[in-house]
Amino acid sequence: MRVPLLDLAEQHRPLAAPIREQIDDVLRSGQFILGPKVEEFEHTICRYTGVQFAIGVSSGTDALLAILMALGIGRGDAVVTTPYSFFATAGCIARVGATPLFVDIDPETFNLSPRALEEFLRLKCARTSVDTTYQSKKIRAIMPVHLFGLCCQMDEIRTLAETYRLPVIEDGAQAIGAEYPSQSGGQQAGTIGLAGFFSFYPSKNLGAAGDAGLIVTNDETLAHRLRVCRNHGMEPHYFHQMIGGNFRLDEIQAAILSVKLAHLDEWSARRRAVADGYRAEFRRAGLLGKIELPYDPFHDRGLRNAHIYHQYVIRAPNRNALREHLRQNEIGSAIYYPVGLHEQKCFDYLGYKRGDFPATERATSETLALPIYPELSSTAQRFVVEKIADFYAR
Ligand SMILES: *Cc1c(COP(=O)(O)O)cnc(C)c1O
């Protein structure tokens, strides 16, 4: 039995007709970039997330880049983030000329550790009445990443951000719809800080048929700057108020995303059911002492989407050999991520070294993402767990 890590064709089969209709609409309109379909999608996202402003952009990476540019973050500045994330998180900080400052993760959630963040700010940074600095770089923002579809501990992070007067930018690329049980009730990923963004890369929970992304914020001034930034900082036409970029969203992508967004909650629920299925299978196979399953800290907090399982990531002994065993049995798996951002070659100049972030380094060598998607059958799941059991029985 072949079990891929992700099967997009299955998801698109029942949606082919409505998607084609939308594409035909766009072709007939002759309007391909930043038109009515983009506006409609932005409005739908505002309703879905409960934020006031949504700005559709060309990718998650460009969303992040635009936020940093619109906030004027650049040379001499620094942004605090996690070393256990996709490259774009730190790559964009570096691209605007600022310095990524890493803080280790919580080994249970894989997300930025509020405790490590507190220690970093309190012990390693200098603080004046207006600024927080680290080695003469001015810290301009904290950027938590809601990794694998689980929200960070945002109350703790927000309290620290307020203490140090730093805005929070949420990397919600993997977490659209995921909810956090804040003191003031359930809040969606991306809507808690000053600004947040989503990626619609095809393999994300809400995927376009190409690259796309979106920024959400409740700050009207920032929303306006982001709209201008998205189109080369141009306002009015051919008059440039700031240096922006081509971060524009295509009509076809927005139209497809509108069709798919209507199904997102049902897909998230299915993903949770798949996660429950894995838990039951691992228990049945007697592997719970061997393998660590994903931590789901908010599941009993009365939220609709406490975890959206963008990835189903386990910790497994002898991880690399297990992965090879699964490959031989035609079971897809992936390592997110094999190297911490602080150890990436291109960040040598930042001066980090092995040992700086033990929880991250341990995660890079122990974690494995198993197949998960809404349509994954229980038969396929059972097969995956049986093969894992075989591996440890050898
Ligand atoms: C996918 C991803 C991004 C970048 O999004 P793209 O749409 O691929 O540019 C940024 N951060 C994280 C955590 C991601 O997973």
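Contact, as the word is used in these legends, means heavy atoms within 4.5 Å. The structure shown in every view is a predicted model.

**View 1. Helix α13 and the elements it packs against.**
The buried residues of α13 pack against α10 (264-284), α11 (319-328) and β13 (367-370). Among these buried residues are Ala380, Phe383, Val384, Ile388 and Phe391, and the list also includes Lys387 and Tyr392. Helix α13 covers residues 378-393, and its 16 residues should span 22 Å at 1.5 Å a residue, which agrees with the 22 Å between its end C-alpha atoms.

**View 2. A salt bridge between helices α10 and α13.**
The side chains of Glu281 and Arg382 meet in a salt bridge, with 2.9 Å from N to O. This pair links distant parts of the chain, since Glu281 belongs to helix α10 and Arg382 to helix α13, 101 residues apart. Is Glu281 buried or exposed? Glu281 has a relative accessibility of 10% and therefore counts as buried, whereas Arg382, with a relative accessible area of 37%, is partly exposed.

**View 3. Salt bridges within helices α7 and α11.**
Side chains of opposite charge can pair when their charged atoms come close. In helix α7, Asp155 forms a salt bridge with Arg158, and their closest N and O atoms are 3.2 Å apart. These two residues of α7 are three residues apart, about one turn of the helix. An α-helix has 3.6 residues a turn, so residues three or four places apart point the same way. Asp155 counts as buried at 12% relative accessibility, while Arg158 counts as partly exposed at 22%. In helix α11, the side chains of Arg327 and Glu324 meet in a salt bridge of 2.8 Å, N to O, and this pair is likewise three residues apart, about one turn of the helix. Arg327 is exposed, with a relative accessible area of 54%, and Glu324 is partly exposed, with 32%. Elsewhere, Glu292, Arg315, Arg362 and Glu366 are joined into one network by salt bridges that share partners. The structure holds 21 salt bridges.

**View 4. The interface of domain 1 and domain 2.**
The domain assignment of the chain gives domain 1 (8-261) and domain 2 (264-393), and their C-alpha centres lie 24 Å apart. At the interface, 46 residues of domain 1 are in contact with 40 residues of domain 2. The two domains bury about 3800 Å² between them, 63% of it on carbon and sulfur atoms. Phe148, Glu179 and Asn205 supply 19% of the area that domain 1 buries against domain 2, more than any other three residues. How many salt bridges does the rule find across the interface of domain 1 and domain 2? The rule finds zero there.

**View 5. Two residues with positive phi, Phe148 and Ser136.**
Most residues other than glycine have a negative phi, and most peptide bonds are trans. Phe148, in the loop between β6 (137-143) and α7, nevertheless has a phi near 65 degrees. Ser136, in the loop between β5 (132-134) and β6, also has a positive phi, of about 65 degrees, although it is not a glycine. Phe148 is buried, with a relative accessible area of 4%, whereas Ser136 is exposed, with 70%.

**View 6. The loop between α8 and α9, and a second cis peptide bond.**
A cis peptide bond joins Glu235 and Pro236, with omega about -10 degrees, and Pro236 is found in the loop between α8 and α9. Asn246 lies in the loop between α8 (220-230) and α9 (251-261) and is partly exposed, with a relative accessible area of 41%. Leaving aside its neighbours within four places in sequence, Asn246 is in contact with Ser58, Asp62, Arg230 and His232. The C-alpha atoms of Asn246 and Cys229 are separated by 8.2 Å, although these residues are 17 residues apart along the chain. Another cis peptide bond runs from Tyr336 to Tyr337, with omega near 5 degrees, and Tyr337 has its place in the loop between α11 and α12 (358-366).

**View 7. Cysteines without a disulfide.**
A search of the whole structure finds zero disulfides. Why is Cys92 not bonded to Cys229? The closest cysteine sulfur to that of Cys92 is in Cys229, 12 Å away, which is too far for a bond. Cys125 is in no disulfide either, and the nearest cysteine sulfur, that of Cys152, is 18 Å away. Cys92 counts as buried at 1% relative accessibility, and Cys125 counts as buried at 12%.

How values were computed: Residues are numbered from 1 along each chain as its sequence is written. This is a predicted model: local features need pLDDT of at least 70, side-chain atom pairs count only at pLDDT 80 or more; totals for chains, interfaces and linings use all residues. Side-chain values use heavy atoms; hydrogens and water are left out. A disulfide is a pair of cysteine sulfur atoms within 2.5 Å. Buried means under 20% relative accessible area, exposed over 50%, partly exposed in between (1.4 Å probe, protein chains only). Helices (H or I, at least four residues) and strands (E, at least two) are DSSP runs, numbered from the N terminus. The expected span of a helix is 1.5 Å times one less than its number of residues. Domain bounds come from an automatic or database domain assignment. Buried area is the accessible area (1.4 Å probe) that two parts lose on being put together, summed over both. A salt bridge is a side-chain nitrogen of Lys or Arg within 4 Å of a carboxyl oxygen of Asp or Glu.
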